[in-house]
Amino acid sequence: MTRGRERDLSPHKVLSGRSGASLLNADVTAGRFVSPGQADAPASSMPAAGPSVSFAPSTARGSADDPAGESHRVRGRSRVPSRSAIPRSKSCIRGVSADSEAQTEGSVYFEELSVEDELMQTANGLARPGTGILAADETVAVLGKRFAAVGLDNTPEMRRAYREMLYSTPDLETYTSGIVMYSETVHQSTASDVNFVEMLNARGILVGVKLDRGLHPFGNGEMVTEGLDGLDSRAAAAYAAGIRFAKWRSLLVINFDQGTPSSLAVDENANALAKFAVACQQRRLVPVIEPEVYIAGTHDLEQAATVAEEVLSVVYRALARHGVLLEGTLLQLQMVLPGLDHPEFRTVTPEAIAEATLRTLRRVVPAAVPGVVFLSGGQSEVQATTNLNAINKAAEAATRESGTPVAPWAMSFAFGRVLQASALTLWSNDPTDTSASAKAAKSMVGALLKANCEASRGCYRGPHPSKQSAAIFEALTESHAERVDHELTPRFEASSRAPSRPTSRPPSPPPSRPSSPGSR
């Protein structure tokens with residue numbers, strides 16, 4: 001399939017290639033950019049806006065709470081070419097010129113690649129068949145709640161150690177094409193002082209961040225996403241830090257009694273997504289378009305499909321108006337699901353979800369888009385995998401029946417909670433790098449990724465690895481209890497050594513939590 005085509009070369013009406021130039025130079029020189037503090041919504045409430053978060057690097061371990069961190073420089077790519085060494089190319093993206101590209105000083109571009117070629121290469125890498133995206137961009141507050149549930153302290157070092165456990169999973173690059181990081185994590189490092197972004201890039205894994213500044217009330221219970229101010233400079237600094245893709249989350253609420261989503265809210269969010277996409281592509285970042293239809297509500301499956309189809313059609317019209325290179329984007333969205341408060345949510349089959357989702361995508365998503373990745377909101381670990389598998393099986397069956405491909409895009413996952421919940425419970429039993437708990441947690445992450453990668457090809461057979469986590473957790477807990485009993489014998493008490501881990505922390509619960517609507 002031919003990815004390239006002639007595009008409008010006229011100057012962009014909203015974001016020119018020189019937008020925010022003075023701010024950009026100051027931000028990149030200082031080695032910082034601002035990213036969202038918006039978290040996923042709690043299960044019991046609508047998402048609320050969070051404070052903006054500085055991407056300034058901190059200490060070697062990346063402690064966001066350490067004021068001394070301001071003295072450290074960006075730890076992205078250390079070898080920065082001179083401005084004259086940066087490749088130039090005539091751009092087909094609106095608003096992008098050689099002068100605009102040169103403004104992103106401190107960046108390293110793919111050698112001899114035009115902006116379009118680099119964007120398409122990155123997007124195709126993210127949509128690599130048989131892989132998915134690990135969403136590990138939980139805010140401090142959201143991760144703190146998950147830590148509290150398993151008896152862990154929410155400290156910068158604990159968050160750093162947890163993310164190192166995730167990122168050091170064996171064969172991670174086999175199952176993961178990209179990882180979305182939280183701002184704090186971008187400048188954190190491993191225990192051996194290797195920057196996380198550099199570590200993942202060395203393994204062939206692309207790193208992304210969320211560049212919006214959160215959801216804000218739009219009236220009548222609807223939300224609009226903010227963050228266009230200063231977006232150009234944040235995108236430029238993100239690229240300089242080694243980031244290669246970014247996402248922007250909009251949220252559409254279904255409440256037919258109140259007449260939502262309204263056409264005004266849909267248009268407002270679609271235009272914001274398009275402006276975000278243009279700003280990212282000007283700075284060689286692949287934009288991940290996320291028009292999420294909120295799963296809370298009393299709507300049924302067909303009503304959800306109708307709303308999703310309308311939202312996506314408006315979004316892609318906006319992207320076309322703004323001259324976005326679709327071949328250099330990804331789409332991230334919810335599967336078509338009934339509302340959490342509708343009785344059908346507990347009885348709908350994976351086959352029905354697959355049919356509604358695939359029909360909606362085929363009607364409105366252009367074939368030029370390389371990949372579609374699904375969220376897992378409202379679903380359990382098993383349900384998310386089973387539904388993803390059903391979608392890809394349905395596409396394969398329809399292709400065989402018609403003789404022509406019915407799904408021109410790769411369809412995979414951008415899961416967060418359902419790839420981490422069981423692993424976090426296992427790791428919390430002894431959160432040290434070399435413990436049996438850490439090894440079991442990494443094995444669980446790998447097994448969950450493998451199951452969902454199989455589902456992205458429509459060949460998942462089961463059993464699901466999360467069902468094994470309770471038994472593993474109980475075995476680890478029993479083993480740990482025996483070790484603690486041994487350490488507390490009189491012989492140990494006479495020793496000058498201290499116990500390797502406090503024994504007063506409350507025991508962790510088994511890994512069986514209902515999923516929340518705002519979780520990925």
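Buried means under 20% relative accessible area, exposed over 50%, and partly exposed in between, with a 1.4 Å probe and protein chains only. Helices (H or I, at least four residues) and strands (E, at least two) are DSSP runs, numbered from the N terminus.

The model is predicted: local features need pLDDT of at least 70, side-chain atom pairs count only at pLDDT 80 or more, and totals for chains, interfaces and linings use all residues. Residues are numbered from 1 along each chain as its sequence is written, and side-chain values use heavy atoms, with hydrogens and water left out.

**Exercise 1. Which residues of strand 10 lie on each side, and are they buried or exposed?**

Step 1. Locate strand 10, which covers residues 330-333.
Step 2. Sort the residues by side: L330 and Q332 are on one, L331 and L333 on the other.
Step 3. Read the burial: these four residues are all buried, and both faces of strand 10 are covered.
Step 4. Look at the partner. Strand 9 (residues 286-293) pairs with strand 10 in the parallel sense over 2 bridges; two strands pair if DSSP finds at least two bridges between them. In this pair, V288 stands opposite L330.

**Exercise 2. In what order do the strands close into a barrel?**

Step 1. Recall how strands join: strands of a sheet pair through backbone hydrogen bonds, either parallel or antiparallel.
Step 2. Follow the pairs around. The barrel has 8 strands, in the order 3-4-5-8-9-10-11-12, with parallel pairing. From one strand to the next, the twist averages 25°.
Step 3. Check one pair. Strand 11 (residues 371-374) and strand 12 (residues 410-415) are joined in the parallel sense by 4 bridges, and F374 stands opposite F413 of strand 12.
Step 4. Add a helix. Helix 14 (residues 417-427) packs on the sheet and touches strand 3 (132-136) and strand 12. The direction of helix 14 makes about 60° with that of strand 3. Such angles run from 0 to 180 degrees between N-to-C directions, and the axes are lines fitted to C-alpha atoms, for helices over the stretch in contact.

**Exercise 3. Why does L206 count as buried, and what does L206 contact?**

Step 1. Place L206 in strand 5 (residues 206-210).
Step 2. Compare with the cut-off: L206 counts as buried because its relative accessibility is 16%.
Step 3. List contacts, meaning heavy atoms within 4.5 Å. Leaving aside neighbours within four places in sequence, the partners of L206 include T122, G125, L126, I179 and F245.
Step 4. Take one partner. G125 is 81 residues from L206 in sequence, yet their C-alpha atoms are 8.1 Å apart in space.

**Exercise 4. Does the span of helix 3 agree or disagree with the expected value, and which of its residues are buried?**

Step 1. Use the rule: the expected span is 1.5 Å times one less than the number of residues.
Step 2. Apply it. Helix 3 (residues 115-126) has 12 residues, so it should span 16 Å.
Step 3. Compare: the end C-alpha atoms of helix 3 are 17 Å apart, which agrees.
Step 4. List the buried residues of helix 3: V115, E116, E118, L119, M120, T122, A123 and L126.

**Exercise 5. Which residues touch the most other members of the largest nonpolar core?**

Step 1. Define the set: a nonpolar core is made of buried Ala, Val, Leu, Ile, Met, Phe, Trp, Tyr and Cys residues joined through side-chain atoms within 4.5 Å.
Step 2. Find the residues. The largest core has 109 residues, and L361 and W427 touch the most other members.
Step 3. Find the main contributor: helix 11 (residues 301-321) gives the most to this core, with 12 residues.
Step 4. Separate the other core. Apart from the largest one lies another core of 16 residues, among them A123, L126, I133 and V180.

**Exercise 6. Where are P261 and D171, and what marks their backbone?**

Step 1. Place P261 in the loop between strand 8 (245-252) and helix 10 (263-282).
Step 2. Read the bond: the peptide bond from T260 to P261 is cis, with omega near 5°.
Step 3. Place D171 in the loop between helix 5 (156-167) and helix 6 (172-175).
Step 4. Read phi: for D171 it is near 60°, a positive value in a residue other than glycine. D171 is partly exposed because its relative accessible area is 44%.
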